[in-house]
Amino acid sequence: MMLENNELLKIEALSIQFGGLKAVDQLSFTIHEKEIFGLIGPNGAGKTTVFNCITQFYKPNHGNIYFRNIKDEVINLVDLKVHQVIRQGVVRTFQNVELIRELSILDNVLIGAHIDYKTGVISQALRLPKAVKEEAIYKAKAEEILKKLGIYERKDMLVFGQPYGILKKVELARTFMSDPKLVILDEPAAGLNDVETLQLAKTIRQIRDDFNCSVLLVEHDMRLVMDVCDTICAINFGKFLAQGTAKDIQKNPLVQEAYLGKEEHDE
Amino acid sequence: MKKIKIAFKPWMGFVLFGIALALIPLLAEYTTFVKSSTIITIGGTVIFAIAALGLNILLGYSGLISLGTAGFMGLAAYLSAYMTVDLGLPFEVSLIVAVLVPTLIGVLVGLISLKIEGMYLAIATLAVSEILRKTFEEFEFITNGFSGKSARFPQLLGFIQLDRASTYYLIVVVLVIAMLLTYNMMNGQVGRAFNAMRGSESAASAMGVYSLKYRLIAFALATILASLAGVMYVHFIRFAYPSTWNLKLSLDFLAMIVIGGLRSIYGTVLGAFIVFAIPDLFLKQIPFFNQLSYVLNGVLIIEVIMFYPSGLINIGFDIKRLWLKLRKGIHDAGK
């Protein structure tokens, strides 16, 4: 068994190299069930690269990513293709919201249920009873999620022209359609104002409880990270710096150095 | 008295639309207003609308471009003509084979589309279409080369011989079914997957949409519709020349969906009427304008892209909005 009882995701000696640049170097950390885990680091530290390795957008050169999937089996995500990752219970959002502008909010959320559909093209084209029933089930589920996130009234509006805060919520709603065990948020507070950021912190905690999942987030907004995360891992130049609670991280000299630079001593 | 309220379902709209189209030949018979040659033009337009619907699935919904529609349509036309006339096979059998063969080639092109995008995909599909067209010229034992291949009106189930008017009805039925099935697919899981793929490939795969599978489905659907149109064409016009299936026809399909409306099913048919029927029915009557239909299409595409990026089908909504505004204005002035 690669994972202890309450461990959900274990990254082991992860390395990826772009040309001569080691973007992630021998990085290891573990996320537990129902934990809100923050990954921080200065610009270019390799946070998003770690994300892309977990979701298989990049194939790491070395290392393993063990995950306890929906069926409670432990698998190595590295063996999968990008589109298979969501089936295991790992789903992500994007730094620059990736929604379909020409579709309604409800339709955008329904894309999150894509893998759950059992009926094929032909039964959908003919609107066979089972296809109609299936569509109704997921529509109801999507509406339920939109209600929880407080944007139900907008469900039939087009995504095009919606404020940024709403778009972020739509993307979040989309991730929950697949009943994930791990939700990966790529800079959820980017582009939000102070009020929206405060709201987001609340939302993140609420979704952890409502949907019973773990959250991994990369974020630049330190207030949000310190406020919401149970455990924080700091990295720099792709290497592990420190891990601990918000207080531990704030006090850690290595982290302070990475963010603020080394103190110059006059000789 | 109890009021019976029937919920208006999308399929009723398609059926009503089909009935309206089907009435045109009747009008031709009983009035002098519509000439009988008009049926050929309108029937041709309906056939082209079927193929354009396929291109709309490909380009409008999935964001994959193809300039090969004409080639696939031609291949299906020749195959069906050869099988019914030379081999004496029943119409139904040749229909199935004439749709299957181009669809297999279309799926192969779908495989290529995984490696090349945008402009290069357009060039590759154009190349496939040109190869097909050259083949039509050279394989004389099937296509009869430059002299053209003739075919007959379809004979259904081996004993129902259709004439021009009833073939026209058959074409309208095929269009209505194609519109209905396309509507159902594009408003369900498959359509959303196509949209997701067009919007962002990475977001789509993060949501579990397997690009290879959906690209193949998109190309298969587009080729099935193009081939169906090809079969209908050869049995309605009863003649096929290699020069019909050239780049201009593929570009006309592109013009139809851009002018009518990308991702709009009625828009596709409207586009087909604007690109094919209007120049044929009206412009040809005016001496100076009869060679200007190319120019008209070009101007229309530019106008539509600039002022109506979502297609002329949306002009209705805008007129309605303007009308409501006007009425409100009159109402307010009356106070």
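Select Asn246(B): the residue sits in the loop between E4 and H11 of chain B. Helices here are DSSP runs of H or I of at least four residues, strands are runs of E of at least two, and both are numbered from the N terminus. The model is predicted: local features need pLDDT of at least 70, side-chain atom pairs count only at pLDDT 80 or more, and totals for chains, interfaces and linings use all residues. Residues are numbered from 1 along each chain as its sequence is written, and chains are lettered from A and ligands numbered from 1 in the order in which they are written.

Stay on Asn246(B). It is partly exposed, with 16 other C-beta atoms within 10 Å. The scale runs as follows: buried means 20 or more other C-beta atoms within 10 Å of the residue's own, exposed means 12 or fewer, and partly exposed is in between, with C-beta atoms placed from the backbone. Now add Ala70(B) and Arg133(B): Asn246(B) is in contact with both, leaving aside neighbours within four places in sequence. Contact means that the C-beta atoms, placed from the backbone, lie within 7 Å. Then pick Gly74(B). Its C-alpha atom is 9.2 Å from that of Asn246(B), with the two positions 172 residues apart along the chain.

**Arg238(B)**

Go to the loop between H10 and strand E4 (239-240) of chain B, where Arg238(B) lies. Check its phi: the value is near 65°, positive in a residue other than glycine. Most residues other than glycine have a negative phi. Arg238(B) counts as partly exposed, with 15 C-beta neighbours inside 10 Å.

**Val231(B)**

Select helix H10 (residues 211-237) of chain B and find Val231(B) in it. Is Val231(B) buried or exposed? Val231(B) counts as buried, because 30 C-beta neighbours lie inside 10 Å. Show what it touches: Ala76(B), Ala77(B), Ser80(B), Leu95(B), Ala98(B) and Val99(B), not counting residues up to four places away in sequence. Add Ala81(B) as well. Val231(B) and Ala81(B) are 150 residues apart in sequence, but 7.9 Å apart in space, C-alpha to C-alpha.

**Helix pairs in chain B**

Two packed helices are described by the angle between their axes and the distance between the axes. Axes are lines fitted to C-alpha atoms, for helices over the stretch in contact, and angles run from 0 to 180 degrees between N-to-C directions.

Select helix H2 (residues 37-61) and helix H12 (residues 265-281) of chain B. They pack at about 140°, with axes 8 Å apart. The crossing of H2(B) and H12(B) is right-handed; that is, the near helix is turned clockwise from the far one by less than a right angle, whereas anticlockwise would be left-handed. From H2(B), colour the contact residues, among them Thr41(B), Phe48(B) and Leu53(B). From H12(B), include Val269(B), Phe273(B) and Asp280(B), which are among the contact residues on that side. The contact of H2(B) with H12(B) divides into twelve nonpolar, seven polar and one charged. Nonpolar covers Ala, Val, Leu, Ile, Met, Phe, Trp, Tyr, Cys and Pro; charged covers Asp, Glu, Lys and Arg; the others, Gly among them, are polar.

Keep H2(B) and swap in helix H11 (residues 247-260) of chain B. The axes come within 9 Å and cross at roughly 70°. That makes H2(B) roughly perpendicular to H11(B), on a scale where under 35 degrees is roughly parallel, over 145 roughly antiparallel, 65 to 115 roughly perpendicular and the rest oblique. H2(B) brings Ala51(B), Ala52(B), Leu55(B), Asn56(B), Leu59(B) and Gly60(B). H11(B) brings Phe253(B), Leu254(B), Met256(B) and Ile257(B). By class, this contact of H2(B) with H11(B) has eight nonpolar, two polar and no charged residues.

**Over to chain A**

Select Phe237(A), in the loop between strand E9 (231-236) and strand E10 (239-244) of chain A. Its phi is near 45°, a positive value in a residue other than glycine. Phe237(A) is partly exposed, with 16 other C-beta atoms within 10 Å.

Colour chain A by domain: domain 1 (1-89 + 180-262) and domain 2 (103-178), with bounds from an automatic or database domain assignment. Their C-alpha centres lie 27 Å apart. The contact takes eleven residues from domain 1 of chain A and nine from domain 2 of chain A.

**Between the chains**

Finish where the chains meet. Here 24 residues of chain A are in contact with 22 residues of chain B. Helix H2 (85-88), helix H3 (105-110) and helix H4 (121-125) of chain A each give two or more residues to the side that touches chain B. H4(A) gives the most, with three residues.

Technical notes: Two residues are in contact if their C-beta atoms, placed from the backbone, lie within 7 Å.
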